[in-house]
Amino acid sequence: MKISHQLRAPIRWLAERFAKKVAQEISTSRILIMQGTVAATQLRTIDKINTLADVEVSVFSQWGEDGIIEWLIQNCSGIPESFIEFGVENYTEANTRFLLAHRNWRGLVIDGSVENIAFIKNNPISWRHDITARSAFITRENINKLIADAGFKGEIGLLSVDLDGMDYWVWQAITQVQPWIVIVEYNALYGDLHNLVTPYDPAFVRSIAHPSGLYCGASIGALTQLAHENGYTLLGSNLAGNNAFFIRNDHSPALLARIANTSTRPSRFREERDAYGKLTLARGRAGIGGIMQCRVVDVATGREGALASFGELYSATWGAVYD
């Protein structure tokens with residue numbers, strides 16, 4: 001089939017534009033990796049810290065997770081060079097991308113969007129590194145098979161869970177791998193006084209569950225309890241107050257000796273949306289008001305009820321941020 005003369009010019013223009021975009025992305029990525037590598041070298045000089053926030057660096061992570069991960073790995077001798085991350089979107093912003101690029105670890109990333117996974121597979125990182133990208137809607141019923149089908153089992157270095165909803169239940173179900181380090185997103189608006197979790201729903205979608213987008217996930221207390229049950233110890237959280245870091249107990253002594261304060265933080269970001277999907281920029285208790293009648297379960301007691309029925313959600317320290 002011959003391409004008409006009229007079509008050749010626009011096709012060539014599109015091809016050149018795509019090539020230029022790819023080249024720009026590669027160039028930007030190299031600059032970020034170079035800067036991140038410099039930061040990683042500086043982190044090696046830090047033996048002890050007050051909190052994880054002291055070693056935050058953002059290269060590809062949304063907040064400061066890249067620096068925290070790098071510092072933890074530097075102090076985990078013999079850690080397996082493999083990772084798994086859920087909810088990566090198109091992987092341009094993720095907790096493990098710097099780990100992939102800087103340390104050349106083997107990894108598995110999963111996202112529910114076919115388009116996002118196609119983007120990753122068409123990105124140069126897919127042939128430059130040993131990364132497996134799979135599209136799937138993750139549930140606690142299918143997670144172990146998804147991991148096994150991708151060729152991962154046993155000990156891995158790091159697991160990052162960010163599903164915007166059923167994070168607690170999915171982590172609870174994972175038996176196919178035994179990560180040294182686990183990063184799980186918590187919902188700081190659920191507070192720090194109760195072990196509250198959004199009830200399990202295999203079809204859960206955050207934007208559908210409640211228009212605000214705030215009804216999802218689990219409190220830091222619930223995740224810390226689950227970590228204890230799974231044999232993990234809390235190391236703290238990021239400065240943004242949404243990602244908690246845990247270390248498997250058999251590898252915890254070396255890290256706990258280097259971290260003075262493993263307490264977690266409330267969040268200050270304002271992501272509530274109205275019925276039309278527009279950010280309201282409501283802060284603190286004003287932002288959480290819309291979901292106070294949504295049902296949650298306290299996994300410590302088994303009690304289920306409206307969020308409002310659990311009374312005060314915040315300790316004095318956290319409450320000072322939300323008042």
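In this predicted model, the side chains of Arg206 and Asp164 come together in a salt bridge, with 3.3 Å between N and O. Arg206 sits in helix α8 (residues 206–209), while Asp164 belongs to the loop between β4 (154–161) and α7 (167–173), so the pair links distant parts of the chain, 42 residues apart. If you look at Asp164 on its own, you will find it partly exposed, with a relative accessible area of 29%.

That pair has company: a search of the whole structure turns up twelve salt bridges. One of the contacts to look for joins the side chains of Arg103 and Glu70, at 2.8 Å from N to O. Here helix α3 (residues 97–103) supplies Arg103 and helix α2 (residues 65–74) supplies Glu70, so the bridge ties together parts that are 33 residues apart in sequence. How buried or exposed are the two partners, Arg103 and Glu70? Arg103 counts as partly exposed because its relative accessibility is 26%, a value between the 20% and 50% limits. Glu70, at 3% relative accessibility, counts as buried, since buried means under 20%.

Another salt bridge can be found further along the chain, between Glu312 and Arg285, whose closest N and O atoms are 3.2 Å apart. Glu312 lies in the loop between β10 (304–306) and α12 (316–322), and Arg285 lies in helix α11 (residues 284–288); the pair therefore ties together parts that are 27 residues apart in sequence. Glu312 is partly exposed at 41% relative accessibility, and Arg285 is partly exposed as well, with a relative accessible area of 34%. Salt bridges can also share partners, and in this way Glu155, Arg248 and Asp250 are joined into one network.

Now let us turn from charged side chains to nonpolar ones. In soluble globular proteins, nonpolar side chains tend to be buried together. The largest nonpolar core in this model has 56 residues, and those with the most contacts inside it are Ile84, Phe86, Ile147, Leu159, Trp171 and Phe246. Which helix gives this core its largest share? That is helix α9 (residues 220–230), which provides five residues. Apart from this core lies another one, of 33 residues, among them Leu99, Val109, Trp180 and Ile247.

Leu159 is a good place to pause in the largest core, as one of the residues with the most contacts inside it. Leaving aside residues up to four places away in sequence, Leu159 touches Ile84, Phe86, Trp171, Ile174, Pro179, Ile181, Val182 and Ile183.

Some nonpolar side chains can be found on the surface too: Phe137, Val205 and Ile208 form a patch there, with about 290 Å² of accessible area together. Phe137 is found in the loop between β3 (131–135) and α6 (143–149), and with a relative accessible area of 44% it is partly exposed.

Finally, what about the cysteines? The search of the whole structure finds zero disulfides. For Cys216, the nearest cysteine sulfur is that of Cys294, 10 Å away, and Cys216 is in no disulfide. A disulfide needs the two sulfur atoms within 2.5 Å. Cys294 is likewise in no disulfide, with the sulfur of Cys216 as its nearest. Cys216 counts as buried at 8% relative accessibility, and Cys294 counts as buried at 14%.

Conventions
Residues numbered from 1 in each chain as written. Predicted model: local features only at pLDDT ≥ 70, side-chain atom pairs only at ≥ 80, totals over all residues. Heavy atoms only, no water. Core = buried A, V, L, I, M, F, W, Y, C linked by side-chain atoms within 4.5 Å. Buried < 20%, exposed > 50% of the residue type's maximum accessible area, 1.4 Å probe, protein only. Helix = DSSP H or I, 4+ residues; strand = E, 2+ residues; numbered from the N terminus. Contact = heavy atoms within 4.5 Å. Salt bridge = Lys/Arg side-chain N within 4 Å of Asp/Glu carboxyl O. Patch = residues over 30% accessible without salt bridge, like charges linked within 9 Å, V, L, I, M, F, W, Y side chains within 5 Å. Areas by Shrake-Rupley, 256 points an atom, 1.4 Å probe, with all protein chains shown as cover.
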